[in-house]
Amino acid sequence: MQTSLVLTVIGPDRPGLVERLAQTVAAHGGNWLESQMAQLAGQFAGILRVAVPAAQVEALDAALRALEVEGLRLTLVHSAAEAAAPAPRRLALELVGQDRPGIVREIAAALARCGVSIDALHTRVSSASMSGEQLFEAQAQLRVPAALAVEELKALLEGLANEMMVDISLDDED
């Protein structure tokens, strides 16, 4: 019987880090299913889901803990079995505007009030080409409840965009 696990890892970035994780998972009969990883300010940050034989869970946990001496911080959590559910409606959100504190908080709060889940969020701050001002950019993949009309969500986000003086687009995810 396979057990589904979610791992988070953070530590100083260096070559071979993903390989080290993959070797540890494979050495315990695990299968690397999905992941998202990034380098932020010299730190490696990742989250991954693996399937491992139930009899190997404790040994894998111990082997991953051994990596902590290399400066990594790891968390291992048993994930719930995926239930057969109707495919959710997925939308892509893009936002661009002058950077200021609170943009993510305000958008996330509005989405949460509507029952919308953020499946992925990528943000960055860059310099505007002409003015040199700091621009905040965000791309998010959203999971929208079937009961929520897309037009209602778009109207809410357009109103918020006007208040925040940012541009927001919401489209079907391809």
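This passage walks through a sheet and its helices, a cavity, two pockets and two individual residues.

The model is predicted, so to speak of local features a pLDDT of at least 70 is needed and side-chain atom pairs count only at pLDDT 80 or more, while totals for chains, interfaces and linings use all residues. Residues are numbered from 1 along each chain as its sequence is written, and side-chain values rest on heavy atoms, with hydrogens and water left out.

To begin with the sheet, 4 strands line up in the order β6-β7-β5-β8 to give an open, antiparallel arrangement. Helices (H or I, at least four residues) and strands (E, at least two) are DSSP runs, numbered from the N terminus, and two strands pair if DSSP finds at least two bridges between them. The edges belong to β6 (117–127) and β8 (166–172); each has a single partner strand, so one side of each goes without a neighbour in the sheet. From one strand to the next, the twist averages 15 degrees. Inside the sheet, β5 (residues 89–98) and β7 (residues 134–144) run antiparallel and are joined by 10 bridges. Across that pairing, L95 sits opposite A138 of β7.

Two helices pack against these strands. Helix α3 (residues 103–113) lies across β5, β6, β7 and β8, and runs at about 160 degrees to β6. Helix α4 (residues 150–164) also packs on the sheet, where β5, β7 and β8 are touched, and its direction makes about 165 degrees with that of β8. Contact here means heavy atoms within 4.5 Å. For the angles, axes are lines fitted to C-alpha atoms (for helices, over the stretch in contact), and values run from 0 to 180 degrees between N-to-C directions.

Next come the empty spaces. On a 1 Å grid over the protein atoms alone, a cavity is a set of points where a 1.4 Å probe fits but cannot get out, whereas a pocket is an open set with protein on both sides within 12 Å along at least five of seven lines; lining residues have an atom within 4 Å of a point. Grid points are joined across faces, edges and corners, and a volume is the space filled by probe spheres set on the points.

Searching the whole structure turns up 1 cavity of 30 Å³ or more. The largest cavity has a volume of about 110 Å³. Its lining is made of 13 residues, with L93, V104, I107, L121 and A138 nearest the centre. At least two lining residues come from each of β5, α3, β6 and β7, and α3 gives the largest share, at 5 residues. The lining has 13 nonpolar residues, with no polar and no charged ones. In this scheme Ala, Val, Leu, Ile, Met, Phe, Trp, Tyr, Cys and Pro count as nonpolar, Asp, Glu, Lys and Arg as charged, and the others, Gly among them, as polar. A138, which stands opposite L95, is thus met again among the residues nearest the cavity centre.

The largest pocket holds about 340 Å³ of space. It is lined by 12 residues, and those nearest its centre are V6, E34, I47, L48 and R49. Two or more lining residues come from each of β1 (2–12), β2 (31–40) and β3 (43–53). By class the lining is mixed, with 4 nonpolar, 4 polar and 4 charged residues. Strands β2 and β3 run antiparallel and share 9 bridges, with E34 opposite R49 in β3. In the hairpin of these two strands, which has 2 residues between them, A41 takes a positive phi near 50 degrees.

The second largest pocket has about 240 Å³ of space. Its lining consists of Q36, M37, A38, L40, A45, G46, I47, L121 and H122. β2, β3 and β6 each bring at least two of these residues, and the largest share, 4 residues, is from β2. Here the lining has 6 nonpolar and 3 polar residues, and no charged ones.

Finally, two residues offer a closer look. T24 is found in helix α1 (residues 17–27) and counts as buried at 7% relative accessibility. Leaving aside residues up to four places away in sequence, T24 touches L60, A63, L64 and L67. D167, in strand β8, is exposed with a relative accessible area of 59%. Buried means under 20% relative accessible area and exposed over 50%, with partly exposed in between (1.4 Å probe, protein chains only). With the sequence limit of four places again applied, D167 touches E94, L95 and V96. D167 and Q98 lie 69 residues apart in sequence, and their C-alpha atoms are 9.7 Å apart in space.
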